[in-house]
Each structure stands twice: as C-alpha cells, then as structure tokens.
Amino acid sequence: MPTNLASSAPHLEDPASYSGPLKDWGHQPNSITGNSKNDGVLLYKAHEGQLESGLWQVTPGTWPLEIPRDELCHFVSGRATYTRDNGEVVEVEPDTVVLFPAGWKGICTVHQTLRNVYMLS
C-alpha cells in the first residue's frame, strides 16, 4: 500500500524509511544538550488538538519532557533513553512500543535520530 496522506484514512508505507516531505516543527525547546530538530508528518489532528497522530522525527540531544496527555509511541528507528523524574529508565530502539501516561515527567536523551509513530489523546 503506497503512502497516501490525502486519503480518508491517511497512511504511510514503511514509516521507518519514509522519504516523503517532512514538515519542520522547529528545534526542541529547553535543550540541556544538543540542538535537536523536530519534524514529521501529521496524519490527523482533531479540533483543539485533543487527538493527534503522525510520524515524529527528532535529531540527537537531551531535554526535559512532560507528557500532557496519554501518548502511545511506536518507535520505528533510532535510539533514546527516557528517564522519569523518579529514576525509572525506559530504553527505546526500533520496534519498541511505549505508552506514556498523561503527566509523565522526566528527561529524554536521543542518542541516534529517532522516529516514532504516535497517537496523543
């Protein structure tokens, strides 16, 4: 199935190697190290942003992170370490799926350019 972002059910073929255009979402604010650049493809965003889904890519760096709403992430390429404020560590690599509950706070360190297919609800 080829990528079709204009479909009534927008879809990406092979998100790990997707080479279509990515929208520049700017640099990661509040960086601790690095100057991580965010970009991606938005598949869907509901009115007032209550539901959002897409492909997110970010380059290496470290920054504080606070998840505003439940977010399901399927990491398709790259490597990162998520360290919760209580010390819990979540290592991600390709084919890792993580559900970050609303209010999750900690530090994200991207070691290798990271891509994930996400749904924020």
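## Salt-bridge criterion and pairs

A salt bridge is counted here when a side-chain nitrogen of Lys or Arg lies within 4 Å of a carboxyl oxygen of Asp or Glu. By that criterion D85 forms a salt bridge with R84, the closest N and O atoms being 4.0 Å apart. D85 is exposed, with a relative accessible area of 56%, whereas R84 is partly exposed at 30%. The coordinates behind these values belong to a predicted model.

The structure holds 4 salt bridges in total. In one of them K37 pairs with D24, with 3.9 Å between the closest N and O atoms. K37 belongs to strand β2 (residues 37–45) and D24 to strand β1, so this pair ties together parts that are 13 residues apart in sequence. K37 also meets D39 in a salt bridge, with an N to O distance of 3.2 Å. Through shared partners, D24, K37 and D39 are joined into one network. Within this network, K37 counts as partly exposed at 29% relative accessibility, while D39 is buried with a relative accessible area of 10%. In general terms, side chains of opposite charge can pair when their charged atoms come close.

## Overall architecture

The secondary structure of the protein comprises 0 helices and 8 strands. Read along the sequence, the order of elements is β-β-β-β-β-β-β-β.

The C-alpha atoms fill a box of roughly 40 × 25 × 25 Å along the principal axes. The radius of gyration is 14 Å, which agrees with the value near 14 Å for a compact globule of 121 residues. Of the 121 residues, 39% count as buried. Among contacts with a separation of 6 or more, 59% are between residues 24 or more positions apart.

## The β5–β6 hairpin

Strand β5 (residues 71–84) and strand β6 run antiparallel and are joined by 4 bridges. One pairing places E91 of β6 as the bridge partner of T81. The two strands form a hairpin with 4 residues between them, and G87 in the turn has a positive phi of about 100°.

Side chains alternate along strand β6 (residues 89–92). V90 and V92 point to one face and are buried, while V89 and E91 point to the other face and are not buried.

## The nonpolar core

The largest nonpolar core has 19 residues, and those with the most contacts inside it are F75, Y82, V92, F100 and L114. Strands β3 (52–58), β4 (61–66), β5, β6, β7 and β8 (105–120) each supply at least two residues of this core. The largest share, 5 residues, comes from β8.

The surroundings of L114 can be described in detail. Leaving aside neighbours within four places in sequence, L114 is in contact with W56, Q57 and V58, with F75, S77, G78, R79, A80 and Y82, and with V92. Three of the other residues with the most contacts inside the core, F75, Y82 and V92, are thus included among the contacts of L114.

## T96 at the start of β7

T96 lies in strand β7 (residues 96–100). T96 is buried, with a relative accessible area of 18%, a value that falls under the 20% limit for burial. A polar atom of the T96 side chain lies 2.8 Å from the backbone oxygen of E93.

Not counting residues up to four places away in sequence, T96 touches C73, H74, F75 and E91. Two of these contacts have a place in features described above: F75 is one of the residues with the most contacts inside the largest nonpolar core, and E91 is the bridge partner of T81.

## The segment before β1

S7 lies in the segment before β1 (23–27). S7 is partly exposed, with a relative accessible area of 22%. The side chain of S7 reaches the backbone nitrogen of A9 at 3.0 Å.

The position of S7 can also be related to that of C73. These two residues are 66 residues apart along the chain, and their C-alpha atoms are separated by 22 Å. C73 is in turn one of the residues touched by T96.

Definitions and conventions:
Residues numbered from 1 in each chain as written. Predicted model: local features only at pLDDT ≥ 70, side-chain atom pairs only at ≥ 80, totals over all residues. Heavy atoms only, no water. Buried < 20%, exposed > 50% of the residue type's maximum accessible area, 1.4 Å probe, protein only. Polar contact = N/O pair within 3.5 Å; in protein donor to acceptor, adjacent residues only side chain to side chain. Contact = heavy atoms within 4.5 Å. Pairing = 2+ DSSP bridges. Core = buried A, V, L, I, M, F, W, Y, C linked by side-chain atoms within 4.5 Å. Rg over C-alpha atoms; globule rule 2.2 N^0.38 Å.
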